[in-house]
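Good morning, and thank you for joining this group meeting. Please look at the sequence and the structure on the screen before I begin.

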Amino acid sequence: MSDEKNTSFSGQLGFVLASAGSAVGLGNIWRFPYLAAKDGILFIIIYLLLVLSFGFALLLTDITIGRKTRRSSIFAYYAISPKWRYLGVLTFFVPALIMTYYPVIGGWICHYIMVYLTGLQAAAADSSYFTGFISSTTSPVGYGLFFMLITGLIIFFGVQSGIERVSCWLLPIMFLMIIGIAGYVLTLEHTDANGQTRSGMMGLIYFLTPRFEDLTLSRFMQILLDAMGQMFFSLSISMGIMITYGSYVNKEVNLSKCVLQIASFDTLAALLAAVIIIPTIFVFSGPEGMSAGPSLMFISLPKIFNVMGTAGVVIGALFFVMAAFAALTSCISVLEPIVANIMDMFHSERKKTTVLTTLFYLGTVSVIALGYSIFYVEVKLPNGSTAQLLDIMDYISTCFMMPMISLLTCLLIGWLVGSHWISDEVECCGHVFRAKGFYTLMIRYLAPVVMLILFLQSTGFWNALID
Ligand code: PHE
């Protein structure tokens with residue numbers, strides 16, 4: 001292994017901030033608030049319980065595998081058991097696939113920053129603006145390439161001077177921005193065409209009010225699975241990312257404490273994003289105005305920012321800068337395991353590997369960015385949705401591969417090598433691991449079962465079985 005690769009985070013803080021930077025991403029901004037608005041406080045309670053149980057156990061597993069083996073996914077799984085090396089290869093493909101589309105979305109966000117900086121907010125408020133933009137053959141490619149280049153540049157500088165330095169700046173700034181926007185949003189008030197006045201506080205109360213009256217068992221199961229999928233994606237579990245970041249942590253760091261801190265940062269960011277988005281939508285579009293994913297961020301919100309007038313331009317610009325920071329710290333965590341695995345494989349040095357990998361992804365990003373114009377396809381996925389290139393990559397990596405890898409990792413650790421393989425490492429240097437018994441229970445019994453159900457649900461096979 002070359003010297004440059006063999007660096008580490010400067011300490012606990014750098015590691016926690018970089019990992020939280022990976023965890024806090026678009027999932028927190030465009031999916032969590034939607035789910036929280038849909039199922040209210042019940043979703044939030046279930047989500048918190050899942051983070052503290054499954055999230056804790058699986059995140060700790062990834063990070064500890066990294067630190068104990070000091071390798072990225074391919075060689076880390078090989079070090080656990082040579083027979084299971086294919087699981088490492090499979091894990092490598094998750095970030096390798098995500099990397100083809102994440103910079104494209106990062107590019108869209110950068111475009112919207114420019115929209116607010118150049119006074120195009122009225123045009124962006126039109127429902128067809130977003131579709132028009134992504135189906136152009138120049139602009140989305142240009143912005144996607146720009147985002148990819150910045151990501152490559154940060155990885156080029158390595159673990160401490162690149163990833164850690166950027167995360168230590170961007171994450172606190174991003175939190176300040178989220179808190180600032182959330183505070184402002186709660187003071188909003190708006191009277192609609194029917195003369196109804198709604199305030200931000202009313203929106204927050206609406207979302208915190210429990211609605212148990214129409215709770216059935218199947219709806220409860222749906223909320224549980226929604227929360228599980230969200231938690232899993234949000235904590236960047238089973239993507240090889242946390243294995244790679246874990247391989248840069250030194251032995252003095254208390255891993256179980258770090259996992260709790262990372263999970264807390266991520267959950268706090270998700271809750272704050274909900275405090276921004278739910279009241280904003282509630283005030284201007286009413287309780288029915290909520291949507292998820294790109295349409296929430298690039299269609300619903302720009303409409304509202306336009307109604308807000310001058311304040312909307314400032315809030316719109318701040319919101320998209322905040323989202324760009326969230327996407328960038330996640331995007332670097334996707335490129336790093338790819339580069340690290342290639343360095344391990346070919347014993348190549350960081351700078352050259354990063355340049356070549358970035359060049360490759362500049363190509364794939366262009367193709368995916370053109371997936372709404374030149375390379376437009378319509379594919380029906382097993383989960384029922386109609387997908388373009390970007391959605392196909394997302395489906396394979398996050399709906400299909402991630403739960404499968406997680407399930408196999410639980411079997412490997414829980415049944416083949418034993419949970420002590422992890423707990424011994426967590427307890428090294430005299431660290432106390434209070435949740436040891438609980439961890440064993442999770443990784444051996446509960447997590448594999450739940451991962452199997454999640455795999456069936458997120459791939460769409462669950463519904464096929466029920467029907
Ligand atoms: N954890 C990130 C989020 O919540 C998602 C992510 C996906 C991060 C893929 C890295 C890679 O949005």
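Which polar backbone atom is 2.6 Å from an oxygen atom of the ligand? The answer is a polar backbone atom of G27. Please keep in mind that we are looking at a predicted model.

The neighbouring position in the sequence also takes part: a backbone N or O atom of L26 lies 2.9 Å from an oxygen atom of the ligand. On the nitrogen side, a nitrogen atom of the ligand is 3.2 Å from an N or O atom in the side chain of S236. Taken alone, the ligand exposes 320 Å², and the protein buries 100% of that area.

Where does the ligand sit? It occupies the largest cavity. Five helices each give two or more residues to the shell around the ligand: α1 (12-23), α2 (26-69), α4 (85-117), α10 (217-234) and α14 (310-346). In total, 16 residues surround the ligand, and A23, L26, G27, N28 and S234 are the closest. By class, 8 residues of this shell are nonpolar, 8 are polar and none is charged.

I turn now to the aromatic rings. Across the whole structure, a search finds 29 aromatic pairs. One of these joins F9 and Y248: the ring centres are 6.0 Å apart and the planes stand at 75°, so the pair is edge-to-face. F9 belongs to the segment before α1, whereas Y248 belongs to the loop between α11 (241-246) and α12 (255-285), so this pair ties together parts that are 239 residues apart in sequence.

Key
Residues are numbered from 1 along each chain as its sequence is written. This is a predicted model: local features need pLDDT of at least 70, side-chain atom pairs count only at pLDDT 80 or more; totals for chains, interfaces and linings use all residues. Side-chain values use heavy atoms; hydrogens and water are left out. A residue is near a molecule or strand if one of its heavy atoms lies within 4 Å of it. A polar contact is a pair of N or O atoms within 3.5 Å; within protein, one must be able to donate a hydrogen and the other to accept it, and residues adjacent in sequence count only if both atoms are side-chain atoms. Accessible areas come from the Shrake-Rupley method with a 1.4 Å probe; for residues, only the protein chains shown count as cover. On a 1 Å grid over the protein atoms alone, a cavity is a set of points where a 1.4 Å probe fits but cannot get out, and a pocket is an open set with protein on both sides within 12 Å along at least five of seven lines; lining residues have an atom within 4 Å of a point. A molecule sits in a cavity or pocket if more than half of its atoms lie within 2 Å of its grid points. Helices (H or I, at least four residues) and strands (E, at least two) are DSSP runs, numbered from the N terminus. Ala, Val, Leu, Ile, Met, Phe, Trp, Tyr, Cys and Pro count as nonpolar, Asp, Glu, Lys and Arg as charged, and the others, Gly among them, as polar. Rings of Phe, Tyr and Trp (its six-membered ring) pair if their centres lie within 6.5 Å; planes under 30 degrees apart count as stacked, over 60 as edge-to-face and the rest as tilted.
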